[in-house]
Structures are given as structure tokens and as C-alpha cells.
Amino acid sequence: MHEGPPPPGCATRSMRRYEAGQGGDAIDRLAEEVPVAIHLDGSPFAVMMASPMDLEDFARGFALTEGLVTSRDHITIAITELLEGITANITLPAGARLARAPTDRTLPARTACGICGTRELEEVIRQPPAVNGGPALDAKVIQQALQILGSHQPVNAFTGAVHAAAWVDIQGNIVLSREDVGRHNALDKLIGAMLAASIDSQAGFALITSRASYEMVTKAAMAGMAVLVAISAPTALAVQLASSCGVTLVGFARPGRFNVYSHPDRIPL
């Protein structure tokens, strides 16, 4: 049970609870969700619904996984809180160019969607670069990370309503973790935090508390992560994409078990 004030990204609201035939006033713990506008050199690019913390990490990771930049050294980020939401402006150094031309998004991306507002089919299913190398993992390190993951989820402990993405080293230690109401946002935040800390994306694996959909595999591959472990199911497209781009995809990671859907050589049994 969380003690003390709400952690960042959380709020409390009054409610009426009905249970066992009785009703009464109570206070509930909720996750905050706000629109975050991503701007590129001052021009609007996308609006994402996200948890309002670690937004510099979010913008940095989003820029990389969208293929707009190739390194944290290419950008600076300014966060501005407005009445209607938050703006994260990504600025490139003078004379620098985006890694690829951005495609305008005309609709906001909802919490559960990483592609809402994308107008062209080829922008939805992008083949990420091939991921080579990566660690050889003992199956025990995945189990060790699962056991300690909950202690790295303060917002979820308070609300029970957010996803997490964690970076785990080859000894099974959680080095970094980020939380968000959107599973793809949590992974972008993790990737951005890793870039800021100069953490080698080949020297461990990403652990996510959601299903492994194709955009999660795409983001992992764009960041150079060789292994992605999800506690829930992968989709068929995610398995196909992971197989084609060289990512080891693990699903249904639970105490005592997990399934490896692609490139199992990195987790010898």
C-alpha cells in the first residue's frame, strides 16, 4: 500500500462506492492523462495522450522511434505547460536535418494507439532496421526481473492503471523504468531515458507490462534493442516483424514460464 502524497502522474478524486449492497463516500486513486503536443522546431507534428511525467524522455524516445532523429545529440527539448495540455518542442541544431521527413498527423493519438492520425498505410507498418548482436540471456534473469518489477512501478502501485517499460541488464537487475497510461508511451519514455543516460541498448533487454503489438517491436528495433519481453501476448504481426528484423520476442512472461516467438538463440535453454 502506497503511503504519503500521490506520486507524479497521479491524482485523487471523490467517488461513491457500492459494495456488498452498501454505498458510501470514498476517495479513489487515479492516473492522470493529458494531451501532449509534439512539435518539431516549433511546428506541430502529433498530439499524444500521455501521463504528465518524464516528458523529456518521452519526446526524446518518440523522436528516435518515429525515425525523426538518430541520436540524442541531435536535439534539445523544451517542455511547456499550457491550460489545455503540454507541449514538448524538439529543436535540432542549426543546419541539422531530420533523419526522415515527418508525415503530418491530423488526429490525436489515443492512449491505447501509437498510430492514430497517421494517414498513409506505409507510415503504419514501417520496416525497422535489422537488429544484430545482442546479449545471450540465461532464462533465470527474466524470472528475476519479473519478481522485482512491481517495486519499480510507483504510479501503478498507487492507481493500478498504468503500464511500465523497464530496462534490465544481463544479470537481471532493473536499471531504469518508466510508466505511462499508454504502453507505447512507456516504452518511448524508457528509450529516451536510456539515450540520455548513454545506456547500451544491446547490453540487456526491455521488459514491458503489456501485450507485444507490432508497434512495440518497431520501437524496440528502432532503439537497437535485441530482446523484448512482454508479460502478455504478442500479436501475429508482432511475431512476423520481430522475426524479420532480428528481435527476440518473448511473450506471456510470468513466474516460472515464458514463450519465445522469434530468434530463440539469444535465450539458450
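**Figure 1. Thr-209 in the loop between strand S9 and helix H6 of the predicted model.** Strand S9 spans residues 204-208 and helix H6 spans residues 214-222, with Thr-209 placed in the loop that separates these two elements. The relative accessibility of Thr-209 is 14%, and the residue therefore counts as buried, the cut-off being under 20%. A polar contact is formed by the side chain of Thr-209, which reaches the backbone nitrogen of Ala-164 at 2.8 Å. Ala-164 also appears among the residues that Thr-209 touches once those up to four places away in sequence are set aside; the others are Leu-149, Gln-153, His-163 and Ile-231.

**Figure 2. Helix H1 and its surroundings.** Helix H1 comprises residues 55-65. Of its 11 residues, 10 are buried, so the helix is largely enclosed by the rest of the structure. The buried positions include the charged residues Asp-57 and Arg-60, together with Leu-55, Phe-58, Ala-59, Gly-61, Phe-62, Ala-63, Leu-64 and Thr-65. After the helix comes Gly-67, which has a positive phi near 75 degrees.

**Figure 3. Thr-65 and its contacts in the predicted model.** Thr-65 belongs to helix H1, within residues 55-65. With a relative accessible area of 1%, Thr-65 is buried, because the cut-off for that class is under 20%. When neighbours within four places in sequence are left aside, Thr-65 is in contact with Arg-126, Asp-188, Ile-191, Lys-219 and Met-222. Two of these partners, Lys-219 and Met-222, fall within the residue range of helix H6 (214-222).

**Figure 4. Strand S6 between its partners S3 and S5.** Strand S6 covers residues 85-91 and is mostly covered, 6 of its 7 residues being buried. Strand S3 (residues 34-40) runs parallel to S6 and is joined to it by 5 bridges. One residue pair in this arrangement is His-39 with its bridge partner Asn-89 in S6. Strand S5 (residues 76-82) pairs with S6 in the antiparallel sense, over 7 bridges. In that pairing, Ile-79 stands opposite Ala-88 of S6. The two strands S5 and S6 form a hairpin, and 2 residues lie between them.

**Figure 5. Ala-20 and His-263, two residues with positive phi.** Most residues other than glycine have a negative phi. Ala-20 departs from this pattern, with a phi near 55 degrees. The residue is found in the loop between strand S1 (10-19) and strand S2 (22-31). Ala-20 has a relative accessibility of 77% and so counts as exposed, the class that begins over 50%. His-263, likewise not a glycine, has a positive phi of about 45 degrees. It is located in the segment after strand S12 (257-260). The relative accessibility of His-263 is 27%, and this residue therefore counts as partly exposed.

**Figure 6. Cys-10 and Cys-245 in the predicted model, which holds no disulfide.** A disulfide is a covalent bond between the sulfur atoms of two cysteines. A search of the whole structure finds 0 such bonds. Cys-10 has a relative accessibility of 9% and so counts as buried. Cys-245 is also buried, at a relative accessibility of 1%.

Conventions. Residues are numbered from 1 along each chain as its sequence is written. This is a predicted model: local features need pLDDT of at least 70, side-chain atom pairs count only at pLDDT 80 or more; totals for chains, interfaces and linings use all residues. Side-chain values use heavy atoms; hydrogens and water are left out. Helices (H or I, at least four residues) and strands (E, at least two) are DSSP runs, numbered from the N terminus. Buried means under 20% relative accessible area, exposed over 50%, partly exposed in between (1.4 Å probe, protein chains only). Contact means heavy atoms within 4.5 Å. Two strands pair if DSSP finds at least two bridges between them. A disulfide is a pair of cysteine sulfur atoms within 2.5 Å. A polar contact is a pair of N or O atoms within 3.5 Å; within protein, one must be able to donate a hydrogen and the other to accept it, and residues adjacent in sequence count only if both atoms are side-chain atoms.
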